[in-house]
Amino acid sequence: MSTTPDTTLEASRKMLQGFGRHYDYDVSYLEELLDTSADAFRAFEAAMPMARVKKVAPTEAIFIAKIAAMRAQDCGPCTELTLKMAREAGVAEAVIQGALRGGKGLTAEQREIHDYAVGVAQNEELDPELLPRLQERLGREAIAEIAVNILATKLYPTLKRALGHAKSCSLIPALN
């Protein structure tokens, strides 16, 4: 049985809707992209797995980086989604809250991951010794995975803004 473009797009729509229901997350911007341009949606869909790259990096490190980088993107709904995913992955609530609140309460090692993610996400100059310390402690492959996850945090808020669906992080009740 061959898959036609219409059935592939319908499968993508069902995947998006299931994801939206599971996380109580508004996927209308992605459905809008799918409805407006199948080619544009397919290109974006091809990048989606970037947000799930994880083989050797510790789950906690990945989520500290993702939460910190997502906060830097100033997208409330995407940040809330990342918090839900971190909880689902079993990350301790104290770590989640520390990453969400600018690194407050994180250990020195966790804070380095947080600061690295924020610096990368905001295109800031990093302490020249930070990356080598992280690579020494976590390994180059783990840092590569963290880096790709940081990059992925930019994709969704950027697309949302470009399509007129942006909301501010000030809308996160936990931060008010």
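# A guided tour of salt bridges, cores and pockets

The structure holds 9 salt bridges, and since the model is a predicted one, everything on this tour should be read as a property of that prediction.

**Stop one: pairs within a helix.** Select α3, residues 38–47, and display the side chains of D39 and R42, which both lie in this helix, 3 residues apart, or about one turn. Their side chains meet in a salt bridge, with a distance of 3.6 Å from N to O. Colouring by accessibility separates the partners, for R42 is partly exposed at a relative accessible area of 31%, whereas D39, with 60%, is exposed.

Move next to α7, residues 108–121, where R111 and D115 are set 4 residues apart, again about one turn of the helix. Here too the side chains form a salt bridge, and the N to O distance is 3.0 Å. Both partners count as partly exposed: D115 has a relative accessibility of 33%, and R111 has 33%. With α7 still on screen, add E112, D127, E129, R133 and R137, which are joined into one network by salt bridges that share partners.

**Stop two: R87 and E93.** Select these two residues together, and a salt bridge appears between them, its closest N and O atoms lying 2.8 Å apart. E93 is partly exposed, with a relative accessible area of 36%, and R87 is likewise partly exposed, with 39%.

**Stop three: a buried arginine.** Which residues does R13 touch, once those up to four places away in sequence are set aside? Select R13 in helix α1 and show its surroundings: the contacts are E31, L34 and D35. R13 counts as buried because its relative accessible area is 17%, and the cut-off for that class is under 20%.

**Stop four: the nonpolar cores.** Now hide the charged side chains and select I67, Y116, I146 and I150, which touch the most other members of the largest nonpolar core, a set of 28 residues. The elements that give two or more residues to this core are α4, α5, α6 (93–100), α7, α8 (130–138) and α9, with α4 giving the most, namely 8 residues. To follow the packing around one of these members, centre the view on I146, whose contacts, leaving out residues up to four places away in sequence, are A57, A61, I62, A65, Y116 and L138. A second core, separate from this one, has 18 residues, and Y25, F44, C78 and L159 are included in it.

**Stop five: the largest pocket.** Switch to a surface view and look for the largest pocket, which holds about 580 Å³ of space. A practical way to find it is to select F19, A51, R52, K66 and M85, because these lie nearest the centre among the 29 residues of its lining. Then colour the helices α1 (5–23), α2 (28–36), α4 (59–72), α5 (76–88) and α9 (140–162), each of which supplies at least two residues of the lining. What is the make-up of this lining by nonpolar, polar and charged residues? It divides into 20 nonpolar, 4 polar and 5 charged residues.

**Stop six: the second largest pocket.** The second largest pocket has a volume of about 200 Å³. Select D24, Y25, D26, P77 and K160 to locate it, since they are the closest to its centre of the 13 residues in the lining. Both α2 and α5 supply at least two lining residues, and the largest share, 4 residues, comes from α5. By class, this lining has 5 nonpolar, 2 polar and 6 charged residues. Y25 links this stop with the previous cores, as it lines this pocket and is also included in the second core.

**Last stop: the segment after α9.** Finish by selecting G164, which is placed in the segment after α9. Is G164 buried or exposed? At 66% relative accessibility, G164 counts as exposed. Add Y29 and draw a line between the two C-alpha atoms: they are 8.5 Å apart in space, although the residues are 135 apart in sequence.

Conventions. Residues numbered from 1 in each chain as written. Predicted model: local features only at pLDDT ≥ 70, side-chain atom pairs only at ≥ 80, totals over all residues. Heavy atoms only, no water. 1 Å grid on protein atoms, 1.4 Å probe; cavity = no way out; pocket = protein on both sides within 12 Å on 5 of 7 lines; lining within 4 Å. Points joined across faces, edges and corners; volume = space filled by probe spheres on them. Nonpolar A, V, L, I, M, F, W, Y, C, P; charged D, E, K, R; others polar. Salt bridge = Lys/Arg side-chain N within 4 Å of Asp/Glu carboxyl O. Buried < 20%, exposed > 50% of the residue type's maximum accessible area, 1.4 Å probe, protein only. Core = buried A, V, L, I, M, F, W, Y, C linked by side-chain atoms within 4.5 Å. Contact = heavy atoms within 4.5 Å.
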